[in-house]
Every structure is written in structure tokens, then in C-alpha cells.
Amino acid sequence: VIKCKAAVAWEAGKPLSIEEVEVAPPKAHEVRIKIVATAVCHTDAYTLSGADPEGCFPVILGHEGAGIVESVGEGVTRVKKGDTVIPLYIPQCGECKFCKNPKTNLCQKIRITQGKGVMPDGTSRFTCKGKQIYHFMGTSTFSEYTVVADISVAKIDAAAPLDKVCLLGCGISTGYGAALNTAKVEPGSTCAVFGLGGVGLAVIMGCKIAGASRIIGIDINKDKYAKAKEFGATECISPQDSKKPIQEVLVEMTDGGVDYSFECIGNVGVMRAALEACHKGWGVSVIVGVAAAGQEISTRPFQLVTGRAWKGTAFGGWKSVDNVPKLVTEYMSKKIKVDEFVTHTLPFDKINEAFELMHSGK
């Protein structure tokens, strides 16, 4: 058993608490990882807020991390001690019907137990003050050591800077893949990206790499426009600058609507606007943001009858074990940006400050 520091969420709506936790050794087909760097994501904050129906407490959150394999359990062949890895919240077992289908990346092998906050055998590897602590998204990267299933880990280039590539564990990969894999943006197309946080910037990067000729960034926070343009946005607009609904503004700006739109916020009203901003006959809108539990999307069916398509994406459609190492290689060869997404680097014990910075849009 390893004793180490972790940020424990004892209950919903309270700040994380830095505690000493015990991390049990990995069982069969499990991997124990020394986490070197982790990022914070709105999904962690969503669960912490208490709004997540799958949220269980006490829990160690975090799902954008990178580290070094400390030890492996019986039967593990994919990685060995000392390997550099990124934990994966969407695993890739290679055996389930989802893994065998090229149309999806949603491996279901450990979905049930992962959603309940436990390892595949139904137990936790974390304890603190004598209490069992739940796992989160199969990763729990807010701990100096974590245990994950062996199908939930990607071995990456040992030379990669872990304080940067940890972002490929969720946000950047999600947005970049939404443009390339889900929408399949074509050269010369016009795109609209709603929400210019990390995921939105990654969508913009993907649209630009795919050859889009016009990329319109949409956000009420104008402080984000300069960064969006650095990533490839050709122009940025705020819904608050017009009395008309934003979809009408976009339809007028683009002679009938955009070819591709992306909702990167998790707001069902914006999801509708993103669909209705698409061009009749061929427009495709991709939902990337995760809405709160129980919310529903709506539009007039005529929007779809007249040739618009509504799609969704999880982790950008990437088959995780196969593609995360390739994304790291793309970053190392300077094909994709990663460093530019990092705004602040804080010591682990200031993790609550990191959440405050994220909530304030900084």
C-alpha cells in the first residue's frame, strides 16, 4: 500500500480537501500510476457541484492526467513498470462489440462499474481516515498515485512533457476529434464554434487543420477572442451584441448558415441555436458540451426534415488506446498545439484555486 496526497471531495458543493490517502496495489488487469500532472475540467466541477446523477462521495476526481507506471497487476501485458502513460476515461478493450465497430469509440467493457465509482471487481483501491473513497471516470487523477484498469491506459512517448500532454486525456482530444472524426470538416467549409474554452479552441484547431476557410467563434466573454484567433478563428462574435437570436445573425453572415457548427458549452438553448445556425440541405451540428442531468434538447422537426443533421461526440470519437499515443506524436512533431492551452500551472495543494480560475473564465 502506498500512502500519498490526494484531493478528496468529501461531499458535493464543498472545496476539495488535500488528504493523505492509502492506495492499494493493483489487482489482476490493473495498473498503478504515479500521476505527474493533472488538469482540471468542467466535468470534474459538474460532479463536484452535486448535479451529476452518477456522482458519488467521497471521491477522488480528475480525468486529465499523465504519469509513470509504478506497478502492474497479474496478467497485465499492455504496459510495464516505468512506462509513460495517460489514463483514459473511455477505455478500449478491443473485444466488446463497440470496440469492434469502427463507427464508435464507446467501449462498454467496464462502463457499469466505472459509473459506480469502483474498479471492475466492484471495490475501491482508495481509503482515507478509514473510509472507502470512490474512483472517478475510471481515472481519479487528483491523487499522487492512482489505480486504473489495464484497458484504461495509453502508453505514450517517454520524451513527452507530462504537464502538457495530460490535456490530451480529455479536452484537446475531444474538441480536435469533434472536428476531424465526428463532423469530418472539409476544406473550404464554414464553421461556427459556440464556447471558446479549451474544448472550443481545440475544435477551432481541428477545423483549421481540416482546411475550413471561415471559422466563427461565439462567446459572451470577449477576453477569449484573441486566443481563439491565435488558434485559427477568422472572426468572433457575442450573442449579446445583437437583438436577434444568434442563429439568425449567423445565417445572415454566412449566406444561409454554416456548414458545420459545434456546441462546446453544455447549454441546451445554445445546442438549439447551433443546429439552427446550420445551412439547409447539408449543415451538420455536433454537440460536444455535456448538459446537466434531466435536460432535453428541442427544435422544430422541420429543421431536420430540411436536411440538417444533429450529432454528438464523446472524446472526439478517438479509439483511445490506439489514438492517444498518435496525438502525443502529432504534438511532439508540432502538428497540433498543446502548450498554448495552458494558462496557469499551480502546485497540487492549490487545486481549489485552479477551479476558481476555470470558473472565472481565466
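This is a short tutorial chat about reading the structure above.

Me: Before we start, what kind of model is this, and how are residues numbered?

Reply: It's a predicted model, where local features need pLDDT of at least 70, side-chain atom pairs count only at pLDDT 80 or more, and totals for chains, interfaces and linings use all residues. Residues are numbered from 1 along each chain as its sequence is written, and side-chain values use heavy atoms, with hydrogens and water left out.

Me: How do I read a helix, say helix 11, and what span should it have?

Reply: Helices (H or I, at least four residues) and strands (E, at least two) are DSSP runs, numbered from the N terminus. The expected span of a helix is 1.5 Å times one less than its number of residues. Helix 11 covers residues 320-332, so its 13 residues should span 18 Å, and the end C-alpha atoms are indeed 18 Å apart.

Me: Which residues of helix 11 are buried?

Reply: "Buried" means under 20% relative accessible area, "exposed" means over 50%, and "partly exposed" is in between (1.4 Å probe, protein chains only). In helix 11 the buried ones are S320, N323, V324, L327, V328 and Y331. Looking down the axis of helix 11, they fall within an arc of 150 degrees, so they line one face of the helix. That arc is taken from the directions from the helix axis to the C-beta atoms.

Me: What do those buried residues pack against?

Reply: Contact here means heavy atoms within 4.5 Å. The buried residues of helix 11 pack against strand 6 (84-87), strand 10 (153-155), helix 4 (162-165) and helix 5 (171-183). Take S320: its relative accessible area is 0%, so it counts as buried. Leaving aside neighbours within four places in sequence, S320 is in contact with L88, I90, P91, Q92, A154, F315 and P325.

Me: Which elements does helix 8 pack against?

Reply: Start with its buried residues: in helix 8 (residues 246-253) they are I246, Q247, V249 and L250. Down the axis of helix 8 they fall within an arc of 160 degrees, so they line one face of the helix. They pack against strand 11 (190-194), strand 12 (214-218), strand 13 (235-237) and helix 9 (268-276).

Me: How do I read strand pairing?

Reply: Strands of a sheet pair through backbone hydrogen bonds, either parallel or antiparallel. Two strands count as paired if DSSP finds at least two bridges between them. Here, strand 1 (residues 2-9) and strand 2 (residues 17-23) run antiparallel, joined by seven bridges, and K5 stands opposite E20 in strand 2. An open sheet of five strands has the order 4-1-2-7-8, with antiparallel pairing. Its edge strands are strand 4 (59-60) and strand 8 (131-133), each pairing on one side only.

Me: Which strands run parallel?

Reply: Strand 11 and strand 12 do, with five bridges between them, and C191 stands opposite I215 in strand 12. Four of the five residues of strand 12 are buried, so it is largely enclosed by the rest of the structure.

Me: Are the faces of strand 9 covered or open?

Reply: Both are covered: Y145, V147 and A149 on one side and T146 and V148 on the other are all buried. Strand 9 (residues 145-149) pairs with strand 3 (residues 30-39) in the antiparallel sense over five bridges, and R32 has V147 as its bridge partner.

Me: What is a nonpolar core, and which residues touch the most other members in the largest one?

Reply: A nonpolar core is a set of buried Ala, Val, Leu, Ile, Met, Phe, Trp, Tyr and Cys residues joined through side-chain atoms within 4.5 Å. In the largest, of 81 residues, L16, I86, V165, L168, V185, C207 and F262 touch the most other members. Helix 6 (residues 198-210) gives the most to this core, with seven residues. Domain 1 (2-169 + 319-353) and domain 2 (174-314) both contribute, so the core lies between them. Those domain bounds come from an automatic or database domain assignment. Apart from this core lies another, of 14 residues, among them I216, I237, V249 and V258.

Me: What about unusual backbone angles?

Reply: Most residues other than glycine have a negative phi, and most peptide bonds are trans. Yet a cis peptide bond joins F57 and P58, with omega about -5 degrees. K184 has a positive phi of about 55 degrees, and with a relative accessible area of 54% it is exposed. F315 also has a positive phi, near 50 degrees, but F315 is buried, at 2% relative accessible area.
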